[in-house]
Amino acid sequence: MYDFAFHKPASLSEAVALLADPDARPISGGQTILPALKHRLDRPSALVDLSGIAELREIRREGDKLVIGAMSRHAEISADATVRAAIPALARMAGSLGDTQVRNRGTMGGSLANNDPAADYPAAAMGLGATFVTNRRRIGADDYFLGMFTTALEPGELLTAIEFPIPEKAGYAKMRNPASRYVMTGVFVARGPAGVRVAVNGAGPGVFRQAEMEAALAANWSPEAVAGIRQSPDELNGDIHGSAEYRAHLVNVMAKRAILDAG
Amino acid sequence: MPSVSLTVNGQRHSVEVEGRTLLVELLREQLRLTGTHVGCDTSQCGACVVHVDGESVKSCTMLAVQADGSSVTTIEGLAAADGTLHPMQEAFREYHALQCGFCTPGMVMSAIDLVQKHPQGMTEHEIREGLEGNLCRCTGYHNIVKAIAAAQEVMHGRREALAPAEA
Ligand SMILES: Cc1cc2nc3c(=O)[nH]c(=O)nc-3n(C[C@H](O)[C@H](O)[C@H](O)COP(=O)(O)OP(=O)(O)OC[C@H]3O[C@@H](n4cnc5c(N)ncnc54)[C@H](O)[C@@H]3O)c2cc1C
Ligand code: FES
Ligand code: FES
């Protein structure tokens, strides 16, 4: 790892000022950026630690929305009574990603800023039609995810909170890579204020919506409704872990399981 | 150079570090607490697990500066002053839960956090799932799981002492 300056601001405005330097990077849980820096994939001049900013750690229900501060850690989200009551599938997801130690440090904001195609939260945020709140603006889920490791966030822009409309039903199922334990293919389904949404992660270069399944589930919310829908393998990932055809098949299997998970 | 003040195994330290110094490097190289191991550079093996303010973390994936003001417990801090082993250490010994021992410090630290977070007790399956972040290349995990199952009974006060392991 190359050396860098380290700052731990106590307020958002201070953090934003420090991140005006184009070579400075935010660090939340560090569970992605530190392994990357160890491999010298980046050479930041400074790391700006967001863990001292209290407002980024709030989790609260606001009417029909669940608001999760970007700096909330996976373990906190999975154990939080408000999250478990409002969107149990999201709490279960937070408790099922990575391992105990990763969950004790890693954060929702860090994961969604990183947008790893094999990460879990992008499926929930897309499937629930979340709104991304930054220090500059609000971005809808359909405009936020721009493909592999790419989001609508601009240099120096910080994710501060994610707002999830509370669904009537939501469920998630994933096939984990047996070695890395990241998502090979996952499907998040939700029915609620944002309509019926089906989001697929792990399978493609980024999270995407499955429109055919959404239409079928809007008419008939049951695993049978999607049983005959075949995901095309075109543009899906094929690698040593599984072919694009295998991942396409998994989309169908995971969708059925996600509907059962939603109940 | 940044300076870090932290408590390690009950002792206060103030140390100069670089921004990039990892917590595990501070522990091993500056404080000479070499019980905490490094088994990978991908944050996957768990050999480096320590407790920071009571939570298990991978000390290879946390900067020393991030531990400023924290209280850290390493494998060296578990046994009592008179050398009496922590029930988890005792269980690993009794149940032959190690072979080469490289993964053991991390396993023990993760296991203690797991047991503390499950006061109602864990099934064998839950113990296996809870060890997701710790890899062992020798034992096949079987005896590690048995040791944790036995230690949780003692740690939760449901047994006075460990049941002897079957041969
Ligand atoms: C062994 C292991 C297994 C894992 N398994 C899984 C898994 O199964 N599923 C899964 O989803 N993830 C998994 N992860 C990733 C983990 O969830 C990370 O915690 C997460 O991807 C990044 O969150 P972080 O808080 O650690 O981010 P950091 O590493 O601190 O930051 C990640 C990136 O986001 C930027 N950033 C951080 N916060 C903000 C912000 N508020 N605004 C803008 N940019 C920001 C940083 O500059 C950096 O580029 C795993 C990680 C490890 C080490
Ligand atoms: S040394 Fe492998 S996870 Fe820390
Ligand atoms: S005992 Fe050798 S790695 Fe676990």
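## The loop after α1 in chain B

B:R32 sits in the loop between α1 (23–30) and β3 (49–52) of chain B. The model is predicted. B:R32 has a positive phi of about 60°, although this residue is not a glycine. Is B:R32 buried or exposed? B:R32 is exposed, because its relative accessible area is 60% and the cut-off for exposed is over 50%.

On the other side of α1 comes another loop, the one between β2 (11–16) and α1 of chain B. B:T21 is placed there. At 9% relative accessibility, B:T21 counts as buried. Its side chain makes a polar contact: the side chain of B:T21 reaches the backbone nitrogen of B:E18 at 2.9 Å.

## Helix α3 of chain B

Helix α3 of chain B covers residues 104–117. It has 14 residues. How far apart should its ends be, at 1.5 Å a residue? The expected span is 20 Å, and the end C-alpha atoms are 20 Å apart, so the two agree. The expected figure comes from 1.5 Å times one less than the number of residues.

The helix is mostly covered. Twelve of its 14 residues are buried. Among them are B:T104, B:P105, B:G106 and B:M107. B:D113 is also one of the buried residues, as are B:L114 and B:V115. An α-helix has 3.6 residues a turn, so residues three or four places apart point the same way.

## From α3 to α5 in chain B

The loop between α3 and α4 of chain B holds B:M122. B:M122 is buried, with a relative accessible area of 7%. Its partner for a distance check is B:I148. The two residues are 26 residues apart along the chain, and their C-alpha atoms are separated by 9.2 Å.

The next loop runs between α4 (124–130) and α5 (142–155) of chain B, and B:Y141 is found in it. B:Y141 has a positive phi of about 75° although it is not a glycine. At 25% relative accessibility, B:Y141 counts as partly exposed. The reason is that partly exposed lies between the buried limit, under 20%, and the exposed limit, over 50%.

B:I144 lies in helix α5 of chain B. Is B:I144 buried or exposed? B:I144 is buried, with a relative accessible area of 0%. B:I144 and B:Y95 are 49 residues apart in sequence. In space, C-alpha to C-alpha, B:I144 and B:Y95 are 7.6 Å apart.

## Ligand 1 and its shell

Where does ligand 1 lie? Ligand 1 lies between chains A and B. It is surrounded by 31 residues. The closest are A:P26, A:S28, A:I33, A:T107 and A:D120. The shell residues divide into 13 nonpolar, 13 polar and five charged.

Two elements of chain A, β2 (24–27) and α7 (108–114), each supply at least two residues of the shell. Which element gives the most? That is α7(A), with three residues.

## Backbone contacts to ligand 1

Oxygen atoms of ligand 1 meet polar backbone atoms of chain A. A backbone N or O atom of A:G29 lies 2.7 Å from an oxygen atom of the ligand. For A:I33, a polar backbone atom is 2.7 Å from an oxygen atom of ligand 1. For A:G98, the distance from a polar backbone atom to a ligand oxygen is 3.1 Å. Taken alone, ligand 1 exposes 980 Å². The protein buries 93% of that area.

## The annotated span of chain A

An unreviewed UniProt entry places the feature "domain: FAD-binding PCMH-type" at residues 1–169 of chain A. The end C-alpha atoms of residues 1–169 lie 44 Å apart. How much of the span is helix, and how much is strand? The span is 35% helix and 21% strand.

## A buried asparagine in α12 of chain A

A:N252 lies in helix α12 of chain A, residues 244–262. A:N252 is buried, with a relative accessible area of 3%. Which backbone oxygen lies 2.7 Å from a polar atom of the A:N252 side chain? The backbone oxygen of A:I229 does.

Note on methods. Residues numbered from 1 in each chain as written. Chains lettered and ligands numbered in written order. Predicted model: local features only at pLDDT ≥ 70, side-chain atom pairs only at ≥ 80, totals over all residues. Heavy atoms only, no water. Helix = DSSP H or I, 4+ residues; strand = E, 2+ residues; numbered from the N terminus. Buried < 20%, exposed > 50% of the residue type's maximum accessible area, 1.4 Å probe, protein only. Near = heavy atom within 4 Å. Polar contact = N/O pair within 3.5 Å; in protein donor to acceptor, adjacent residues only side chain to side chain. Areas by Shrake-Rupley, 256 points an atom, 1.4 Å probe, with all protein chains shown as cover. Nonpolar A, V, L, I, M, F, W, Y, C, P; charged D, E, K, R; others polar. UniProt positions renumbered as here; feature names shortened; annotations may be inferred.
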